[in-house]
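Work through the exercises below with the structure open. Try each task before reading its solution.

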Amino acid sequence: MMRIIDETGDTTITWAVDDPATIAEAERVFARLVGERKIPFARAAGAPAEEAEKIAAFDPHVEEIVWVRPVAGG
Amino acid sequence: MADGPTDLATLVVEVEQLPDGRQLVVFADRREVVVGVARPRPHPVAGCEWISRPAPAPRARPRRAPTAGPRRGRVRVLPDDPESIVRRDRARDRARELAARRAEKLLRSLLDPLQQADWEANRGFWVATPRGPVRLGHLYALVHRPDDDPDREDLLCVVPHGHQRLPLADIWSNLLLVLAVDPDEFFRVAVHRGSRPRDEEPF
């Protein structure tokens, strides 16, 4: 599952490891979000932030990918 | 013309008796005034009568001026116009509330038990980093306690892009993940807004 932080709280994208069509769609979303400079962090479902890992490519076996926005000084 | 009855009398040059009993008073400046009460008199032409005024019509009964009183009759309650501002505001408020709930749920799932307890009690929590802990909870004034100076804490400002449109809890989730996983990026962009002495230990 991907959770993309946005105005609604977050938007969820799901896929099934045995369904190539859903994986292909998730890969397309992943590429689009990378293009928007958003940052993906992978984690086991419900794991705290300190156990998350920054990833560079889509892996359908990851339990959860949380997408955040780039940060800047205010 | 001068004021007062005495002065008026001196200015009168002529007084003429009118046929109906009234008097025409002529003043020196050629102004004229008719005074007195007209009395009925016979018409000078035999067989004719004065044309009298028609009898006045009966006057309308005085009515009270309308006042704002209680409304009578049924008050119709109309359904909201789908395009009305009120309805749109309500829908926006509901959407914001739902977004805040979703964001809060995600944030809680990213916190460890100590951070969760702190968040519950104080709406803030510490995040350990290699450069010392950072407290998330005050937007635009994140407290950083550098490891190399036990007496000082810095106030930093770091926000996600477009943070104004995000629920607050999402902002903390965003900063938490960056701080916990990629602290160098956090400190690279951080704007230092000041320093102050520490008052207590975070952990």
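The exercises cover a sheet, two helices and some backbone angles in this predicted model.

**Exercise 1. Give the strand order of the open five-stranded sheet in chain A, and find its edges.**

Step 1. Trace the strands across the sheet. The order is E2-E1-E5-E3-E4 in chain A, and the pairing is mixed.

Step 2. Look for strands with a single partner. These are E2 and E4 (53-54) of chain A, so each has one side without a neighbour in the sheet.

Step 3. Check the pairing at E4(A). Strand E3 (residues 39-43) of chain A pairs with E4(A) in the antiparallel sense, over two bridges. Within E4(A), Lys54(A) is the bridge partner of Phe41(A).

Step 4. Add the helix from chain B. H2(B) packs on the sheet and touches E1 and E2 of chain A. Its direction makes about 75° with that of E2(A).

**Exercise 2. Compare the reach of H1(A) with the expected span, then place H1(A) against the strands.**

Step 1. Take the helix, residues 20-35 of chain A. It has 16 residues.

Step 2. Compare the spans. From first C-alpha to last, H1(A) reaches 22 Å, close to the 22 Å expected at 1.5 Å a residue.

Step 3. Find the strands that H1(A) lies across. They are E1 (2-6), E2 and E5 (64-68) of chain A. The helix runs at about 35° to E1(A).

Step 4. Step past the helix end. Just after H1(A), Arg37(A) has a positive phi of about 65°.

**Exercise 3. Which residues of H2(B) are buried, and what covers them?**

Step 1. Define the helix. H2 spans residues 85-110 of chain B, 26 residues in total. Its reach is 37 Å, close to the 38 Å expected.

Step 2. List the buried positions. They are Ala99(B), Arg102(B), Ala103(B), Leu107(B) and Leu110(B).

Step 3. Identify the cover. It includes strand E2 (9-13) of chain A and helix H4 (168-181) of chain B.

**Exercise 4. Locate Arg30(B) and Arg123(B), and assign phi and exposure to each.**

Step 1. Start with Arg30(B). It sits in the loop between strands E2 (23-27) and E3 (32-35) of chain B. Its phi is near 75°, positive although the residue is not glycine.

Step 2. Count its neighbours. Arg30(B) has 7 other C-beta atoms within 10 Å. The cut-off for exposed is 12 or fewer, so Arg30(B) is exposed.

Step 3. Move to Arg123(B). This residue lies in the loop between helix H3 (113-122) and strand E4 (125-127) of chain B. Its phi is near 55°, again a positive value in a non-glycine residue.

Step 4. Count again. Arg123(B) has 13 C-beta neighbours inside 10 Å, so it counts as partly exposed.

Methods. Residues are numbered from 1 along each chain as its sequence is written. Chains are lettered from A and ligands numbered from 1 in the order in which they are written. This is a predicted model: local features need pLDDT of at least 70, side-chain atom pairs count only at pLDDT 80 or more; totals for chains, interfaces and linings use all residues. Helices (H or I, at least four residues) and strands (E, at least two) are DSSP runs, numbered from the N terminus. A residue is buried if 20 or more other C-beta atoms lie within 10 Å of its own, exposed if 12 or fewer, and partly exposed in between; C-beta atoms are placed from the backbone. The expected span of a helix is 1.5 Å times one less than its number of residues. Two residues are in contact if their C-beta atoms, placed from the backbone, lie within 7 Å. Two strands pair if DSSP finds at least two bridges between them. Axes are lines fitted to C-alpha atoms, for helices over the stretch in contact, and angles run from 0 to 180 degrees between N-to-C directions.
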